Amino acid sequence: PHYCETYADLVFKLKSEMPEFPSESGGKPVTFKSTLLNVTQNEFEQLSKDSLDFTEEEKEGKDKEELDFLRKKKKERCLANMKFIGHL
């Protein structure tokens, strides 16, 4: 989470050095940055769907402390993803 700005700076540097590829559909060319944004957006949407709650299978064999830790990690990952997208 605390490296978002550094990663965004790296993306800024790489986007000027990475080639563009023609789109399969003939639209805008595919760039490094657009591909990265698509991947992070898909991950964010998946995290949103996976709420911070757990299924019975995920809860099985775990105590409250473990579940709280896993919930915190999910939340941190979601927030870091949003922060990273914001820096891009």
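## Close-up views of salt bridges and a surface patch

**View 1. E56 and K59 sit about one helical turn from each other, being three residues apart in helix 3 (residues 56-59).** Welcome to this predicted model; we start with a pair of charged side chains. E56 and K59 form a salt bridge, and their closest N and O atoms are 3.9 Å apart. That pairing falls inside the cut-off, because a salt bridge asks for a side-chain nitrogen of Lys or Arg within 4 Å of a carboxyl oxygen of Asp or Glu. How accessible are the two partners? E56 is exposed, with 60% relative accessible area, while K59 is partly exposed at 33%. For the wider picture, the structure holds seven salt bridges, and this legend set looks at some of them.

**View 2. D68 pairs with K64 in helix 4 (residues 64-87).** Here the closest N and O atoms of the D68 and K64 salt bridge are 2.8 Å apart. The two residues are four residues apart along helix 4, about one turn of the helix. Is K64 buried or exposed? With a relative accessible area of 59%, K64 is exposed. D68, at 32% relative accessibility, counts as partly exposed.

**View 3. D68 also forms a salt bridge with R71.** Stay with D68 and look for R71, which lies three residues away in helix 4, again about one turn of the helix. The closest N and O atoms of D68 and R71 are 3.2 Å apart. R71 is partly exposed, its relative accessible area being 26%. Which residues are joined into one network by salt bridges that share partners? They are K64, D68 and R71. D68 is the shared partner, as it forms a salt bridge with K64 and another with R71.

**View 4. Y3, Y7 and L10 form a nonpolar patch on the surface.** Now we leave the charged side chains behind. Together, Y3, Y7 and L10 have about 340 Å² of accessible area. Where does Y7 lie? You will find Y7 in helix 1 (residues 4-17). Y7 counts as partly exposed, at 48% relative accessibility. Y7 passes one of the requirements for patch residues, because these need over 30% relative accessible area.

Definitions and conventions:
Residues are numbered from 1 along each chain as its sequence is written. This is a predicted model: local features need pLDDT of at least 70, side-chain atom pairs count only at pLDDT 80 or more; totals for chains, interfaces and linings use all residues. Side-chain values use heavy atoms; hydrogens and water are left out. Buried means under 20% relative accessible area, exposed over 50%, partly exposed in between (1.4 Å probe, protein chains only). Patches are made of residues with over 30% relative accessible area and no salt bridge: like charges are joined within 9 Å, nonpolar side chains (Val, Leu, Ile, Met, Phe, Trp, Tyr) within 5 Å. Accessible areas come from the Shrake-Rupley method with a 1.4 Å probe; for residues, only the protein chains shown count as cover.
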